[in-house]
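Me: I would like to learn how to read a structure one feature at a time, beginning with a single residue and working outward. Could you take me through it?

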Amino acid sequence: MSVSGSESEASRRSSQKPKYSKFTQQELPACKPLLTPGIVIGAFSLIGIVFVPIGLASLSASQEIVELVDRYDEECVTASDKIGFIQDSKVNKACTRKITVPKPMKGPIHVYYQLENYYQNHRRYVKSRSDQQLRSKDYKDPVAVIKSCDPEATSVDGALIVPCGLIAWSLFNDTYAFSVNKKEVPINKKNIAWASDKNSKFGSDVFPRNFQKGGLIGGANLNEKLPLSEQEDLIVWMRTAALPTFRKLYGRIESDIMASDEITVVIQNNYNTYSFGGTKALVLSTASWIGGKNNFIGIAYVAVGGICLFLAMGFVVLYVIKPRTLGDPSYLSWNKEDSGYSH
């Protein structure tokens with residue numbers, strides 16, 4: 001008796017069977033909604049009633065936004081050899097563009113530059129940076145910096161570049177000067193970058209050093225007297241885009257611009273997009289509670305809401321024409337008459 005008891009105790013210890021609980025045996029209370037026609041019709045109707053007004057409001061807000069897009073990369077080159085023109089530092093690259101405002105634009109008016117066919121999401125491009133170097137001046141690991149920022153890690157004389165890497169090296173360097181009806185309009189370039197980027201990713205004690213002093217000059221230069229946390233053009237640029245067509249904030253015009261006003265823009269066309277077939281455009285846009293101009297959100301909400309309302313109406317018609325008693329056992333397969341079998 002004692003032997004069999006010890007054997008059963010040993011078998012219980014060696015068993016892989018889990019200890020009994022309602023959780024392991026899936027006996028916990030569970031919500032099992034019964035999808036009656038009323039619940040299904042009500043759910044679809046509720047989604048439609050909520051989504052359609054949201055979509056219409058989003059479309060209305062998007063339509064109120066005034067957006068002006070002016071592509072200038074083709075018109076601002078006066079030579080047949082575009083690459084030679086843009087790479088020649090001795091050529092005057094100033095270009096004047098005139099834009100007539102079709103509708104009143106209420107400030108602040110956001111100024112963007114738009115690039116197309118520019119793959120900031122390329123793996124080698126995205127990895128060519130050192131976040132530790134950007135954050136702290138105390139980070140001085142030349143081996144790690146060179147590995148992270150290759151091929152733009154050191155200057156011609158071998159000194160470390162701050163900030164290093166291809167992203168910083170290719171900083172956008174076209175500039176824009178605006179006047180409205182021949183009156184100069186200032187551009188506010190403060191707070192164009194995310195506060196989290198300025199406070200967490202770029203150090204207030206890190207200053208540019210040996211920047212654009214490598215074997216090949218890339219884009220814009222940086223002010224060596226300002227810390228990286230205050231160089232917002234760089235911060236905006238280094239938040240890389242996911243798609244080959246993207247916009248980045250250049251600044252804001254704080255004043256209103258009336259309809260039929262003429263905006264004159266003097267562009268310094270410095271940035272080379274001609275080597276890879278890219279394009280450049282200047283974008284002026286107002287904003288609303290949904291942000292910039294975007295019809296997709298409104299169309300998506302209206303489409304989903306409309307489909308749900310259509311399905312609700314379809315279920316109502318089906319329920320009226322061909323009602324079915326809830327829980328009717330005659331619809332069970334073994335209760336249906338089958339002419340192919342005898343009972």
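Reply: Let us begin with S62, which is found in helix α2, and keep in mind throughout that this is a predicted model.

Me: How do I judge its surroundings: does S62 count as buried or exposed?

Reply: The general idea is to compare the relative accessible area with a cut-off, buried meaning under 20%. S62 counts as buried because its relative accessibility is 0%.

Me: Which residues is S62 in contact with, once its neighbours within four places in sequence are left aside?

Reply: Those contacts of S62 are I290, K293, N294 and N295.

Me: The last of those numbers brings me to helix packing. At what angle do α2 and α10 pack, and how far apart are their axes?

Reply: Helix α2, covering residues 37-64, packs with helix α10, covering residues 295-321, at an angle of about 155 degrees, and their axes are 7 Å apart. Angles over 145 degrees count as roughly antiparallel, and therefore α2 is described as roughly antiparallel to α10. The crossing in which α2 passes α10 is left-handed. Sorted by class, the residues in the contact of α2 with α10 are 23 nonpolar and 10 polar, with no charged residues.

Me: How should I read the protein chain as a whole, and how many helices and strands are there?

Reply: The protein chain holds 10 helices and 8 strands. For overall dimensions, one can set the radius of gyration against what a compact globule would have: for 343 residues that reference is near 20 Å, whereas the protein chain has 32 Å. The C-alpha trace spans about 100 × 70 × 40 Å along its principal axes. Buried residues account for 34% of the 343 residues. Of the contacts between residues at least 6 apart in sequence, 80% join residues that are at least 24 apart.

Me: What would one such pairing look like around C95, and where does C95 lie?

Reply: C95 has its place in strand β2, residues 94-100. With a relative accessible area of 9%, C95 is buried. Its C-alpha atom is separated by 5.6 Å from that of V266, although the two residues are 171 residues apart along the chain. Leaving aside neighbours within four places in sequence, C95 is in contact with C76, V265, V266 and I267.

Me: Now to the backbone. What should I expect of phi and of peptide bonds before looking for exceptions?

Reply: Most residues other than glycine have a negative phi, and most peptide bonds are trans. With that in mind, the bond from D150 to P151 is cis, with omega near 10 degrees, and P151 lies in the loop between α6 (142-149) and α7 (166-169). Another cis peptide bond joins V162 and P163, where omega is about -5 degrees, and P163 lies in the loop between α6 and α7.

Me: Which residue in the loop between β5 and α8 should I look at for its phi?

Reply: That residue is N191, which has a positive phi of about 60 degrees although it is not a glycine, and which lies in the loop between β5 (183-185) and α8 (195-201). N210 is also not a glycine and has a positive phi of about 60 degrees; its place is the loop between α8 and α9 (232-238). N210 counts as buried, because its relative accessibility is 17%.

Me: What else can be read from the loop between α8 and α9, for instance at R209?

Reply: R209, found in that loop, is partly exposed, with a relative accessible area of 46%. Not counting residues up to four places away in sequence, R209 touches L160, I161 and V162, and V162 is joined to P163 by a cis peptide bond. The C-alpha atoms of R209 and C164 are separated by 9.3 Å, while the two residues are 45 residues apart along the chain.

Me: And what does D205 touch, not counting residues up to four places away in sequence?

Reply: D205 touches R135, S136 and K137 on that basis. D205 and S136 are 69 residues apart in sequence and 6.8 Å apart in space, C-alpha to C-alpha. D205 lies in the loop between α8 and α9, and at 29% relative accessibility it counts as partly exposed.

Key. Residues are numbered from 1 along each chain as its sequence is written. This is a predicted model: local features need pLDDT of at least 70, side-chain atom pairs count only at pLDDT 80 or more; totals for chains, interfaces and linings use all residues. Side-chain values use heavy atoms; hydrogens and water are left out. Axes are lines fitted to C-alpha atoms, for helices over the stretch in contact, and angles run from 0 to 180 degrees between N-to-C directions. Helices (H or I, at least four residues) and strands (E, at least two) are DSSP runs, numbered from the N terminus. Angles under 35 degrees count as roughly parallel, over 145 as roughly antiparallel, 65 to 115 as roughly perpendicular and the rest as oblique. A crossing is left-handed if the near helix is turned anticlockwise from the far one by less than a right angle, and right-handed if clockwise. Ala, Val, Leu, Ile, Met, Phe, Trp, Tyr, Cys and Pro count as nonpolar, Asp, Glu, Lys and Arg as charged, and the others, Gly among them, as polar. The radius of gyration is taken over C-alpha atoms; the globule rule is 2.2 Å times the number of residues to the power 0.38. Buried means under 20% relative accessible area, exposed over 50%, partly exposed in between (1.4 Å probe, protein chains only). Contact means heavy atoms within 4.5 Å.
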